[in-house]
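Hi,

Here is the structure I said I would pass on. Have a look at it first, and then read my notes underneath.

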Amino acid sequence: MLEWVVTHPDPVLERWMPRLSRASDHLVAWWVVAAVMAAAGGPQGRIAARRGLAAMLLTSPVCNAAAKNFIGRSRPPEPIRRRRPGRVPESGSFPSGHTAAATAFVTAAALAAPPAAVPLGVLAAAVAYARLYTAAHYPSDVAAGAVFGVAVALALRHAPHHLLCRPRRHPGRSAR
């Protein structure tokens, strides 16, 4: 499957997939999405943004530090990577941290704000495909990252609501 993806270039994808992949580095794209949701989504958007960020921030270090180091799978070989634009990290390949963070954010946010599910899901799918298109990952890396991210978000769904969704009360201030 990876061989097919890298041997079928598309001018639009050649331009945008590396950019999308880079925008997802260091979780930047998801911080921006969370800010937009919090600013424009009302109370439900703020809750969805907090839940999405919580899931993403839990997923990312577990996936990128623990799982990748434990498994130690190499990235796709150099001849395949040379066919696509984009920087490929030196870290392990399995699972895809970009995909795990994306699906964790999207799943948690969509559970809190169902109307956001489709646009967020499209963005997460595009990030996952960008990781294949730029030859940074094998398809199994991306699939495992997606499963991992969804699992973390679903587990957090059962976290006490007040830990993720209610602002802390400050001493001396009355509740409204």
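**What I found**

Let me start with a small detail: right after helix 7 comes Ala135, whose phi is positive, near 60°. Helices here (H or I, at least four residues) and strands (E, at least two) are DSSP runs, numbered from the N terminus.

Before you go further, note that this is a predicted model, in which local features need pLDDT of at least 70 and side-chain atom pairs count only at pLDDT 80 or more, while totals for chains, interfaces and linings use all residues. Residues are numbered from 1 along each chain as its sequence is written, and side-chain values use heavy atoms, with hydrogens and water left out.

As for confidence, pLDDT is the predictor's own score for each residue, from 0 to 100. The protein has a mean pLDDT of 83, with 81% of its residues at 70 or more. Among its elements, helix 6 (residues 97–112) has the highest mean, 95, and helix 9 (residues 161–165) the lowest, 55. Where pLDDT is low, the predicted coordinates should not be read in detail.

Now the overall picture. The protein has nine helices and zero strands. Of its 176 residues, 43% count as buried (buried is under 20% relative accessible area, exposed over 50%, partly exposed in between, with a 1.4 Å probe and protein chains only). Of the contacts (heavy atoms within 4.5 Å) with a separation of 6 or more, 82% are between residues 24 or more positions apart.

Helix 8 (residues 139–156) is a nice one to look at. Its 18 residues should span 26 Å at 1.5 Å a residue, and its end C-alpha atoms are indeed 26 Å apart (the expected span is 1.5 Å times one less than the number of residues). Buried in helix 8 are Asp141, Val142, Gly145, Gly149, Val152, Ala153 and Leu156. Seen down the axis, these buried residues fall within an arc of 95°, so they line one face of helix 8 (the arc is that of the directions from the helix axis to the C-beta atoms). On the other side of helix 8, Val147 and Ala155 are exposed.

Back to helix 7 (residues 117–133): its 17 residues should span 24 Å, and the end C-alpha atoms are 24 Å apart, which agrees. Its buried residues include Leu120, Ala124 and Val127.

Helix 2 (residues 11–23) reaches 19 Å from its first C-alpha to its last, close to the 18 Å expected. Met17, Pro18, Leu20 and Ser21 are its buried residues, and what covers them includes helix 6 and helix 7.

There are two aromatic pairs (rings of Phe, Tyr and Trp, using the six-membered ring of Trp, pair if their centres lie within 6.5 Å; planes under 30 degrees apart count as stacked, over 60 as edge-to-face and the rest as tilted). The rings of Trp30 and Phe105 have centres 5.3 Å apart and planes at 35°, so this pair is tilted. Trp30 is in helix 3 (residues 28–40) and Phe105 in helix 6, so the pair ties together parts 75 residues apart in sequence. Trp30 and Phe105 are both buried.

For Tyr129 and Tyr133, the centres are 6.0 Å apart and the planes at 45°, so that pair is tilted as well. Tyr129 counts as partly exposed at 28% relative accessibility, whereas Tyr133, at 0%, counts as buried.

Cheers
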